Amino acid sequence: METANARSWKKIGCFYALTMLFNGVCGGFVLHAGKMSAGNLLYVTGAMWSPALAAFATKKIFGESVRELPWQWGDARYAWLGYVIPILYAVPVYAIVWLTGLGAFNTAFFQQTAVDFGWKNLPPGVTLTLFILITATVGLIPKLSRALGEEIGWRGFLVPELAKVVPFPMVALISGLMWAVYHYPVLLFADYNAGGPPWYGLTRFTLMVVAGSFIMTWLVLRAHSLWPAALLHATHNLFIQSILTPLTRDTGPTKYIIDEFGVGLVVTTAVGAAIAYRAAWSLDGAAQHRTPNAQRPTLNETNGRT
């Protein structure tokens, strides 16, 4: 008779195989074009929804309902944390780069932004403030629509399933590595990189993603909701890809420090991962890390907490 643990591992294997299969369809168009913006971002959108499709298909194959996924919004504090955390770990990296001369403020991008938004006659400080405010709010909508596709799969399906069979650190590590490998084709064979050596970008990206996985795993298990992770993913992409990196000019060493492929975010997300691990341990103690069977409690369930 199939054990609960064996069933969970089969579901995890099925999910990942389907994710990589579905990702290969739209991802193949990205690789053919050689750039992430190809197809007016429709290819990327399709690829980012492959984990969600894989989660839905896996639930169907195993006779389960997609309603079992953690769709509920839950405690709004965790949603706010999901939005704020990427700002906390990204802004210091770019601030240090700008202040030390390891990078510079991108005046050309800033001037073009003023033209594109119709703000040529506004003071620079007002233009910068408006750009950040509008991008950080209205700009969140398309970012969240894409990030949600990944997070339904990675944190909505995969993390709770892993939490049935392995302790918190392994949930974060395994899901983080699976998430990182999913990105490798476009990182190596398209323009999803900062222009540095491939081995450097691949290593730094993997370390950052795994560290970020600890943060997101804690949020999801603590909130019993995939939405904090979706917001964190969207805000991460928003501030790094649409605000901070475009506002930064490369002065030589810059690409080795900033963005998702530099050492800066590796350091700051590692700090966040350490805090998440400590929070998970303090909330659940040894029971969360030592419970050996499929009835392992999640972060909110231990010690009678709700």
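The paragraphs below go from the overall fold of the predicted model to its largest pocket and then to five individual residues. In this predicted model, local features need pLDDT of at least 70 and side-chain atom pairs count only at pLDDT 80 or more, whereas totals for chains, interfaces and linings use all residues. Residues are numbered from 1 along each chain as its sequence is written, and side-chain values use heavy atoms, with hydrogens and water left out.

The protein chain contains eleven helices and two strands, these being DSSP runs numbered from the N terminus, with helices (H or I) of at least four residues and strands (E) of at least two. Read from the N terminus, the order of elements is α-α-α-α-β-α-α-α-α-α-α-β-α. The C-alpha atoms fill a box of roughly 70 × 45 × 35 Å along the principal axes. The radius of gyration of the protein chain is 20 Å, which agrees with the value near 19 Å for a compact globule of 306 residues; the radius is taken over C-alpha atoms, and the globule rule is 2.2 Å times the number of residues to the power 0.38. Of the 306 residues, 52% count as buried, where buried means under 20% relative accessible area, exposed over 50% and partly exposed in between, with a 1.4 Å probe and protein chains only. Among contacts (heavy atoms within 4.5 Å) between residues at least 6 apart in sequence, 77% join residues at least 24 apart.

The largest pocket has a volume of about 980 Å³. A pocket here is an open set of points on a 1 Å grid over the protein atoms alone, where a 1.4 Å probe fits and protein lies on both sides within 12 Å along at least five of seven lines; lining residues have an atom within 4 Å of a point. The volume is the space filled by probe spheres set on the points, which are joined across faces, edges and corners. The lining comprises 47 residues, of which Met-36, Val-44, Tyr-192, Gln-241 and Glu-260 lie nearest the centre. Helices H1 (4–33), H2 (42–48), H7 (140–162), H8 (168–189), H9 (198–223) and H10 (227–244) each supply at least two lining residues, and the largest share, eight residues, comes from H10. By class, the lining divides into 24 nonpolar, 17 polar and six charged residues; Ala, Val, Leu, Ile, Met, Phe, Trp, Tyr, Cys and Pro count as nonpolar, Asp, Glu, Lys and Arg as charged, and the others, Gly among them, as polar.

Ser-213, in helix H9, counts as buried because its relative accessibility is 0%. Its side chain reaches the backbone oxygen of Ala-172 at 2.7 Å, and, leaving aside neighbours within four places in sequence, Ser-213 is in contact with Arg-155, Ala-172, Ser-175 and Gly-176. Ser-8, in helix H1, is likewise buried, at 3%, and touches Glu-161, Lys-164 and Val-165, not counting residues up to four places away in sequence. In helix H6 (residues 124–137) lies Ala-136, buried at 9%, whose contacts beyond four places in sequence are Tyr-83, Leu-238, Phe-239 and Ile-243.

Two loop residues have a positive phi although neither is a glycine: His-224 at about 55° and Asp-259 at about 65°. His-224 sits between H9 and H10 and is partly exposed, with a relative accessible area of 27%, whereas Asp-259, between strand E2 (248–250) and helix H11 (263–290), is buried at 12%.

Key
A polar contact is a pair of N or O atoms within 3.5 Å; within protein, one must be able to donate a hydrogen and the other to accept it, and residues adjacent in sequence count only if both atoms are side-chain atoms.
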